[in-house]
Amino acid sequence: MSNIQKIDRRNFVKLFGLASGGIILGCTSTTIEKKFKPTINPDFFEPNLFVQIDIAGTITLIASRSEMGQGIRTSLASAIADELEADWQYVKVKQATGHEKYGNQNTDGSRSVRTRLEPMRKMGAAAKMMLISAAATKWNIAEKDCKAENHFIINTLTNDKLFYGDLVALASQLEVPEETTIQLKKVADFKYIGKTLKSVDLKDFTTGTATYGIDVRIPNMQFAAVARCPVAFGSVKSFKKNKAEKVAGVSQIIALERRTPPTGKFFGMFGGVAVVANNTWAAFQGKLALDIEWNYGDNAAFNTEEFKQTLTERVHKRGKLVPGGNGNVHTAFKHADQVVEATYHVPFLVHAPMEVPNATAWFQKDKIEVWAPVQDPQTARSELAHFFEIPIENITINVTFLGGGFGRKSKSDFVVEAVTISKKINAPVQVVWTREDDIQHSFYHATSTQYLKGSLLNGKVTGWLQRVGFPSIVSSFKPLSDYASGFELGQGFTKNPYQIPNFRLENVKAEANLRIGWLRSVVHIHSGFGNNSFVDELAFAGNIDPVQMHLDLLSKETISLEKTALQYRTNRMVAVLKQTAKMANWGKKLPKNHGMGVAIHYSFYSYVATIVEVSVIDKKVKIENVFTTIDCGLALNKDNIKNQLEGAAIFGMSLAMYGKISTENGAVKQHNFFDYQMARMQDSPNIHIHIMDKMHEPPTGVGEPGVPVMAPAICNAIFKATGQRVRSLPLTDAGFV
């Protein structure tokens with residue numbers, strides 16, 4: 001980190017400056033069975049550490065997850081502080097580098113709290129035990145006569161007290177307690193867990209002093225922009241650089257080969273032509289001045305409208321049977337009072353985080369150092385070690401704040417680009433993508449088409465056939481992966497909670513012509529849309545209230561779809577649905593042209609129900625109110641959970657209203673926010689959040705579960721208000737926006 005210089009607005013040195021001295025505890029694996037390691041030299045900073053207490057009493061947590069607005073740095077810090085009986089004003093958080101000693105740092109899947117809460121609590125509890133032991137030694141009393149309280153150890157016999165910082169020298173000489181001896185606090189004794197805490201980074205975020213990847217500056221660095229083929233996996237045939245070379249500030253123009261790692265052809269980097277300059281704007285202008293002839297390759301004929309028609313034809317024919325069905329749907333359809341059929345479509349989607357992909361890299365002989373907003377720094381290290389044949393221990397990834405990620409920044413293509421250019425020009429360089437680069441060369445959320453057919457007999461759903469086709473994420477790793485994988489179908493398709501006597505699932509072929517990746521909530525997006533839209537259609541056909549229809553389908557008290565402690569429990573979904581209906585005053589008389597729609601979904605082990613109220617005037621929809629309830633087990637930081645659900649509501653609104661990536665002759669048609677829009681402030685509804693009190697349950701995901709319910713709840717509300725059913729997203733295509 002010594003290569004970073006202070007700049008005017010951002011102070012990188014201050015952010016990453018490291019104090020030394022004190023008690024330091026660390027662990028090296030990601031499971032809860034991990035072992036604590038004693039400090040060898042407490043006066044020297046060891047990067048294999050998570051908790052540090054210095055002689056001033058300051059407690060520092062090394063965050064091993066990337067912060068992209070989900071509040072993980074605050075959440076994990078609060079868990080340690082609670083067990084440590086710390087005063088919150090003494091808690092600081094610093095970011096880990098992407099080294100394997102910190103365990104798996106891949107920040108995705110709404111799992112950071114679920115997997116890291118207990119280890120972090122044990123970190124705090126162990127440190128507290130050492131401080132108590134040190135105080136007992138000083139006072140020459142038994143440890144049982146001491147207690148920790150708000151950054152002090154109290155002598156319960158005399159009420160004397162010792163400040164944490166004053167115990168550091170002695171405590172750091174003690175053995176770290178065995179993990180089996182650590183006693184965690186009871187729920188009733190929590191001080192920070194389950195409460196509302198402001199972000200430890202709030203001041204930096206609100207004053208503009210937080211350092212994102214794009215803010216990094218190091219001495220003598222250059223800036224680069226890359227021109228890539230408009231068609232995915234195309235290549236450069238030839239290019240002329242004379243005009244670009246005349247742009248003021250442009251210093252070099254170089255060809256970039258495509259780099260493909262063994263993990264799959266879609267990773268690595270596309271290649272193209274890089275323009276290097278002494279500032280980002282000059283690099284952008286030089287890129288525009290390039291004259292490039294492309295080889296468009298096999299995907300030049302790929303058109304998304306044609307692909308949609310292909311998928312629609314396929315889901316209307318028998319597909320590959322997916323295990324998990326029961327009964328005989330065809331018999332159910334034959335004997336039904338009513339049979340309902342519908343086909344639903346979700347287009348390709350892109351993440352479009354506010355901070356575009358960027359990375360700063362310096363290739364020096366046998367060392368690589370990178371500064372970048374990445375979700376998965378360890379995979380980035382592995383790719384760099386492979387491509388550049390550098391020992392992995394010589395590669396450092398400094399993780400900055402992420403200005404949004406949503407899955408896009410778990411890929412390392414932009415990091416590989418920066419290192420490639422740095423090596424070619426023998427200087428540090430920052431690569432910045434334009435918004436157009438981000439939208440037209442991303443890893444897209446897969447388009448999907450679903451066909452559903454259901455039967456009603458005496459007001460009960462007796463048959464359910466669901467057939468889906470979408471390009472698999474596995475195509476990014478393995479060629480010819482034309483059917484959905486098991487883990488993708490497990491996201492709301494096979495784990496359908498409804499109790500239906502005749503149930504059949506099928507999957508149809510869907511080739512990948514674009515890079516397919518993870519986007520916030522992943523396959524749950526189209527699973528939630530299909531399931532909830534179809535239940536609403538069945539309810540309408542049977543003249544049954546939609547909330548009551550969901551309750552009827554969840555009538556069996558408990559079902560278990562997981563062989564772990566995190567089993568799906570239907571009664572928890574019933575509880576969130578009833579709470580949401582109560583909060584929204586479901587069934588109340590609404591103004592003219594208003595309608596309410598409901599959706600429920602189980603994802604990342606959390607239960608969510610949402611009711612949306614819309615108004616539709618002159619066929620233009622306005623989302624008036626969103627009511628959401630979540631059961632996420634132990635609620636670590638309620639303010640953060642509320643923030644996540646509010647953000648998920650806006651994110652889900654954006655996808656439902658505007659989200660669509662389309663191609664023509666292989667090239668993505670959208671460019672920037674003018675034709676790939678987001679919900680704006682004027683679109684924001686009133687958002688009402690309720691968090692269920694389940695503090696004795698394990699913590700589950702909160703970052704993503706609020707997304708899958710939004711599109712179906714909105715579309716169901718539109719149907720209630722207008723009688724028009726939206727089965728193909730986005731709403732702009734249906735004329736409602």
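# Exercises on a predicted model

An open sheet of four strands, with mixed pairing, has the order 22-23-24-27. This is a predicted model in which local features need pLDDT of at least 70 and side-chain atom pairs count only at pLDDT 80 or more, while totals for chains, interfaces and linings use all residues. Residues are numbered from 1 along each chain as its sequence is written, and side-chain values use heavy atoms, with hydrogens and water left out.

## Exercise 1. The four-stranded sheet

Determine which strands stand at the edges of the sheet 22-23-24-27.

**Solution.** Strands are DSSP runs (E, at least two residues) and helices are runs of H or I (at least four residues), numbered from the N terminus. Two strands pair if DSSP finds at least two bridges between them.

1. Strand 22 (594-603) and strand 27 (686-691) each have a single partner strand, so one side of each is left without a neighbour in the sheet. These two are the edge strands.
2. Neighbouring strands of this sheet are turned by 15° against each other on average, direction ignored. The axes behind such angles are lines fitted to C-alpha atoms, for helices over the stretch in contact, and angles run from 0 to 180 degrees between N-to-C directions.
3. Strand 22 runs antiparallel to strand 23 (residues 606-617), and ten bridges join them. Within this pairing, Ala 599 has Thr 610 in strand 23 as its bridge partner.

## Exercise 2. The five-stranded sheet and its helix

State which helix packs on the sheet 13-21-20-19-14 and which strands the helix touches.

**Solution.**

1. The sheet is open, has five strands and shows mixed pairing. Strand 13 (320-326) and strand 14 (338-346) are its edge strands, each pairing on one side only.
2. From one strand to the next, the twist averages 15°.
3. Nine bridges connect strand 19 (residues 448-457) with strand 20 in the antiparallel sense. Thr 449 has Gly 469 of strand 20 as its bridge partner.
4. Helix 14 (residues 524-541) packs on this sheet and touches strand 14, strand 19 and strand 20. The direction of helix 14 makes about 150° with that of strand 14. Contact here means heavy atoms within 4.5 Å.

## Exercise 3. Aromatic pairs

Classify the ring pair of Tyr 212 and Phe 401, and then the pair of Trp 464 and Tyr 498.

**Solution.** A pair of aromatic rings is described by the distance of the centres and the angle of the planes. Rings of Phe, Tyr and Trp (its six-membered ring) pair if their centres lie within 6.5 Å; planes under 30 degrees apart count as stacked, over 60 as edge-to-face and the rest as tilted.

1. The structure holds 18 aromatic pairs. In one of them, the ring centres of Tyr 212 and Phe 401 are 6.0 Å apart and the planes stand at 50°, so the pair is tilted.
2. This pair links distant parts of the chain, 189 residues apart: Tyr 212 lies in the loop between helix 5 (202-207) and strand 8 (222-227), and Phe 401 in the loop between strand 17 (395-399) and helix 11 (413-425).
3. Buried means under 20% relative accessible area, exposed over 50%, and partly exposed in between (1.4 Å probe, protein chains only). Tyr 212, at 21%, is therefore partly exposed, whereas Phe 401, at 4%, is buried.
4. The rings of Trp 464 and Tyr 498 also form a tilted pair, with centres 6.0 Å apart and planes at 50°. Trp 464 belongs to strand 20 (residues 460-469) and Tyr 498 to the loop between helix 13 (486-489) and strand 21 (502-507), so the pair ties together parts that are 34 residues apart in sequence.
5. Trp 464 is buried at 0% relative accessibility, and Tyr 498 is buried at 8%. Ring pairs join Trp 464, Tyr 498, Phe 503 and Phe 534 into a cluster.

## Exercise 4. Surroundings of Asp 145

Is Asp 145 buried or exposed?

**Solution.**

1. Asp 145 is placed in the loop between helix 3 (112-139) and strand 5 (146-149).
2. With 15% relative accessibility, Asp 145 counts as buried.
3. Beyond residues up to four places away in sequence, Asp 145 touches Ile 154, Asn 155, Thr 156 and Leu 157. From C-alpha to C-alpha, Asp 145 and Thr 156 are 5.5 Å apart, with their positions eleven residues apart in sequence counted as separation.
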